[in-house]
Amino acid sequence: LLETSPGVAEVTFVEKEPADRHTIISWEQKNSCILPEDLKNFYLMTDGFQMTWSVKTDDTPMPLGSMVINSVSKLCRLGGSSSMYTLPNAPTLADLEDDTDEEGNEDKPEKPHFDSRSLIFELDSCSGNGKVCLVYKHAKPVVSPDTEIWFLDRALYWHFLTKTFTAYYRLLITHLGLPQWQYAFTSYGVSPQAKQWFNMYKPIIVNTALLSEEADYFVNKLDPNKVFKSKNKTPVMKKKPPSQPAGSQKSHTSMSSSKTSSLAGNSSRK
């Protein structure tokens, strides 16, 4: 579908060998957690995913779409006690923890934590626009097998994406890896420049919020009562010729009589 889209060029898919089962088991033992079944099956088919495509501008291909899922070896943990800077006593991601934003948001899912309460692993670096993460939200006293997929933006705010890896994989394919597509699931949305690409290659995605509120918005609505409504044919009345006034009738009679007399005179002369 991408190759047949207007302006799309250089669609590249990097084939990867399946991950060894031993590699997956080693990762689970190292991180003291079990991969979700759907992600594990994905790695047993292909050790990661990478697909890119470009768009032609003035006959020059420009990289645009990027769909990436890190391999098992690059499924690295995020957060914890690691420092964001190389300076001594530099702050860590765990130092950014602030529970005040959880108050009054009982209807929203609980956000991941950078400290030891959660385990966070990077699935995609999003070309520097943020990070898509596999999150184990409950790591104490033991790591819960329940996982979710979250998006961490550049301002280090969390945004929920999906409950399962399979659902996220479908989102990734549906959005064609367009730049900043993950921001469509944030309160502030994608940038104006990214929205232009959305309008060109995936216009329905711009209405994500509208689709969630009204699922049948883009469905053609058919009312059979209107389509198959019987139409009663009304009889066509023939119009009567307009009645001529008495004066006009007299003039018409006089003209016809004069013509008759003139014709009689001509015939008598002959």
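Here are a few short exercises on the predicted model above, each with a worked solution.

Before we start, residues are numbered from 1 along each chain as its sequence is written. In this predicted model, local features need pLDDT of at least 70 and side-chain atom pairs count only at pLDDT 80 or more, while totals for chains, interfaces and linings use all residues; side-chain values use heavy atoms, with hydrogens and water left out.

**Exercise 1. Take stock of the chain**

Task: find how many helices and strands the chain has, and what share of its residues is buried.

Solution:
- Step 1. The chain has 7 helices and 8 strands. Both are DSSP runs numbered from the N terminus: helices are H or I with at least four residues, strands are E with at least two.
- Step 2. Of the 270 residues in the chain, 32% are buried. Buried means under 20% relative accessible area, exposed means over 50%, and partly exposed lies in between (1.4 Å probe, protein chains only).
- Step 3. Now take the contacts between residues at least 6 apart in sequence: 50% of them join residues at least 24 apart. A contact means heavy atoms within 4.5 Å.

**Exercise 2. Trace the sheet of 3 strands**

Task: work out the strand order of the open sheet of 3 strands, and which strands stand at its edges.

Solution:
- Step 1. The order is S1-S2-S3, with antiparallel pairing. Two strands pair if DSSP finds at least two bridges between them.
- Step 2. S1 and S3 are the edge strands, as each pairs on one side only.
- Step 3. Neighbouring strands here are turned by 15 degrees against each other on average, direction ignored. Axes are lines fitted to C-alpha atoms, for helices over the stretch in contact, and angles run from 0 to 180 degrees between N-to-C directions.
- Step 4. Look at S1 (residues 8–13) and S2 (residues 49–57): 4 bridges join them. Valine 8 has valine 55 in S2 as its bridge partner, and threonine 12 has threonine 52.
- Step 5. Move on to S2 and S3 (residues 60–69), which pair over 9 bridges. Tryptophan 53 has glycine 65 in S3 as its bridge partner.
- Step 6. S2 and S3 form a hairpin with 2 residues between them, and aspartate 58 in the turn has a positive phi of about 55 degrees.

**Exercise 3. Follow S5 through the sheet of 5 strands**

Task: place S5 in its sheet and decide whether S5 is largely enclosed or open.

Solution:
- Step 1. The open sheet has the order S4-S5-S6-S7-S8, with antiparallel pairing.
- Step 2. S4 (77–78) and S8 (158–162) are at the edges with a single partner strand each, so one side of each has no neighbour in the sheet.
- Step 3. On one pairing, 2 bridges join S4 to S5, and leucine 78 stands opposite isoleucine 120 in S5.
- Step 4. S5 (residues 119–124) also pairs with S6 (residues 130–136), over 5 bridges. Here isoleucine 120 stands opposite valine 135, and phenylalanine 121 opposite leucine 134.
- Step 5. Because 6 of the 6 residues of S5 are buried, S5 is largely enclosed by the rest of the structure.
- Step 6. S5 and S6 form a hairpin with 5 residues between them. In this loop, cysteine 126 has a positive phi of about 55 degrees, and at 7% relative accessibility cysteine 126 counts as buried.

**Exercise 4. See how H2 meets H3**

Task: find the angle at which the axes of H2 and H3 cross and name the residues that meet.

Solution:
- Step 1. The axes of H2 (residues 37–45) and H3 (residues 165–174) come within 8 Å and cross at roughly 60 degrees.
- Step 2. That makes H2 oblique to H3. Angles under 35 degrees count as roughly parallel, over 145 as roughly antiparallel, 65 to 115 as roughly perpendicular, and the rest as oblique.
- Step 3. Asp38, Leu39 and Phe42 in H2 meet Phe165, Thr166 and Tyr169 in H3.
- Step 4. H3 also lies across S5, S6, S7 (148–153) and S8, running at about 95 degrees to S8.
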